[in-house]
Amino acid sequence: MDTILVTGGAGFIGCNFVRMALRQTVSRVVVFDKLTYAGSLLNLKDVEHHPRYEFVRGDIADRRLVAEVLQGFRPTSIVHFAAETHVDRSIEGPRNFLDANVIGTFELLEAALAYYRGLGEKGRDFRFVHVSTDEVYGSLGPQGYFREDSHYAPNSPYAASKAAADHFVRAYFRTFNLPTLITNCSNNYGYYQFPEKLVPLMLLNAAAGRNLPIYGDGLNVRDWLFVEDHCAAVLAVLRYGKIGEKYNIGGGNELNNLQMLEALCSALDERLPAKENPALKARGLTSYLQLRVFVPDRPGHDRRYATDTSRIRNELGWRPACRFEDGIRRTVRWYLDNTAWCETVLAGRSGARPPFIPDNHQS
Ligand code: NAD
Ligand code: TYD
């Protein structure tokens with residue numbers, strides 16, 4: 001039986017990928033995750049008894065442990081999601097991003113290379129898929145798109161750490177022939193996203209009648225993709241991608257943050273009408289958008305991301321399946337139905353940053 005080792009499989013995208021891989025392949029799926037504040041076994045609760053699922057807690061930077069896991073489970077592929085991922089945290093404390101994303105990826109590559117070499121002929125089908133972000137390309141003006149050959153210009157410590165990791169992955173292919181592939185995806189939304197990123201933060205704050213903090217003028221543009229479409233793209237790259245190649249992934253769905261907030265508030269209003277929400281009534285408000293407050297901008301805030309996805313569409317036949325309106329509705333419903341999950345993961349959070357800007361915070 002094939003085995004996929006999924007690093008970071010207890011995080012947002014990783015857990016959605018694990019579910020999809022168990023559904024759509026016959027492979028065993030082994031999750032290797034440190035369970036930082038962003039990772040939780042709750043995210044994998046529904047698969048914990050699945051006969052093809054295994055979990056190992058560990059740090060990708062612990063090369064000896066990774067080597068033991070590789071020898072023990074003998075994976076046919078590694079899909080590498082594990083990372084520190086929140087830009088705001090990378091501004092407050094870049095060191096963790098260097099440790100997890102750069103050193104962690106380097107140690108994982110070293111362990112993977114030693115394991116791959118030991119496979120000899122049997123390693124013919126081995127693949128190392130490195131999951132990265134479009135943020136490595138920097139910021140766009142009003143025109144243009146990131147292509148796979150766009151130059152790297154990371155602006156946040158998060159983006160810089162992911163860019164460094166991408167370069168190491170590329171180097172391990174070029175120099176040591178490790179069969180790697182890289183994906184660079186745009187912003188994801190969907191189930192199990194830790195409530196510090198824009199979408200879940202705004203949903204939870206709005207439902208609870210708390211302020212909705214918009215950084216700067218709110219005109220920064222992101223290309224939003226439903227998480228399951230990202231997972232399907234990673235699976236397509238794993239199965240059919242060309243070794244040594246990189247693939248951009250994106251939703252073709254550009255929205256500025258004010259537009260995203262409007263979409264979220266209107267989907268929330270359908271399920272939980274603001275006029276009937278006691279938390280809003282208590283503040284004398286009748287619409288979720290009235291909770292919007294402009295707060296000081298994020299330093300180095302990238303203005304626009306937009307991805308040209310022709311390579312993955314033309315070469316691998318992938319395209320997003322979920323319409324934005326449906327994805328947002330499904331996401332809103334999931335967060336409203338899973339308030340216990342939200343409370344538990346937030347209660348276990350670490351780090352100095354509060355999960356939302358307090359009500360008295362005004363720019
Ligand atoms: P996440 O923060 O929700 O989850 C990260 C997971 O990695 C957590 O389970 C955490 O415990 C684990 N982890 C962190 N450091 C680790 C370490 N040293 N060893 C082992 N496990 C560790 O992140 P996410 O949003 O699911 O992102 C997953 C990957 O996808 C990341 O590499 C990220 O850069 C990339 N990506 C994310 C997005 C997005 O919109 N969220 C977009 C494009 C690319
Ligand atoms: P985020 O979800 O942190 O993703 P990224 O920075 O990786 O794109 O933020 C998405 C956008 O939303 C980004 O332009 C910053 C903005 N934003 C806010 O305006 N307010 C917030 O409270 C957060 C978390 C983000």
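**Exercises on ligand 2 and helix H11**

In this predicted model, ligand 2 has 18 residues around it, and Glu 135, Pro 213, Arg 222, Arg 298 and His 301 come nearest.

**Exercise 1.** Identify the polar contacts of ligand 2 with Glu 135, Asn 187 and Leu 198, and state how much of the ligand the protein covers.

Solution.
- Step 1. The cut-off for a polar contact is a pair of N or O atoms within 3.5 Å.
- Step 2. The side chain of Glu 135 has an N or O atom 2.5 Å from an oxygen atom of ligand 2.
- Step 3. Asn 187 places a polar side-chain atom 2.9 Å from an oxygen atom of the ligand.
- Step 4. At Leu 198 a polar backbone atom is 2.9 Å from an oxygen atom of ligand 2.
- Step 5. On its own, ligand 2 has 510 Å² of accessible area, and the protein covers 97% of this.

**Exercise 2.** Describe the shell around ligand 2 by element and by residue class.

Solution.
- Step 1. Two or more residues of the shell come from helix H6 (198-207), and two or more from strand E8 (212-215).
- Step 2. By class, the shell has eight nonpolar, five polar and five charged residues.

**Exercise 3.** Compare the span of helix H11 with the expected value, then locate its buried residues around the axis.

Solution.
- Step 1. H11 runs over residues 324-337, 14 residues in total, and spans 20 Å from first to last C-alpha, close to the 20 Å expected at 1.5 Å a residue.
- Step 2. Buried in H11 are Phe 324, Gly 327, Ile 328, Thr 331, Val 332, Trp 334 and Tyr 335.
- Step 3. These buried residues lie on the same side of H11 because they cover an arc of only 165 degrees around the axis.

Note on methods. Residues numbered from 1 in each chain as written. Chains lettered and ligands numbered in written order. Predicted model: local features only at pLDDT ≥ 70, side-chain atom pairs only at ≥ 80, totals over all residues. Heavy atoms only, no water. Near = heavy atom within 4 Å. Polar contact = N/O pair within 3.5 Å; in protein donor to acceptor, adjacent residues only side chain to side chain. Areas by Shrake-Rupley, 256 points an atom, 1.4 Å probe, with all protein chains shown as cover. Helix = DSSP H or I, 4+ residues; strand = E, 2+ residues; numbered from the N terminus. Nonpolar A, V, L, I, M, F, W, Y, C, P; charged D, E, K, R; others polar. Expected span 1.5 Å × (residues − 1). Buried < 20%, exposed > 50% of the residue type's maximum accessible area, 1.4 Å probe, protein only. Arc of directions from axis to C-beta.
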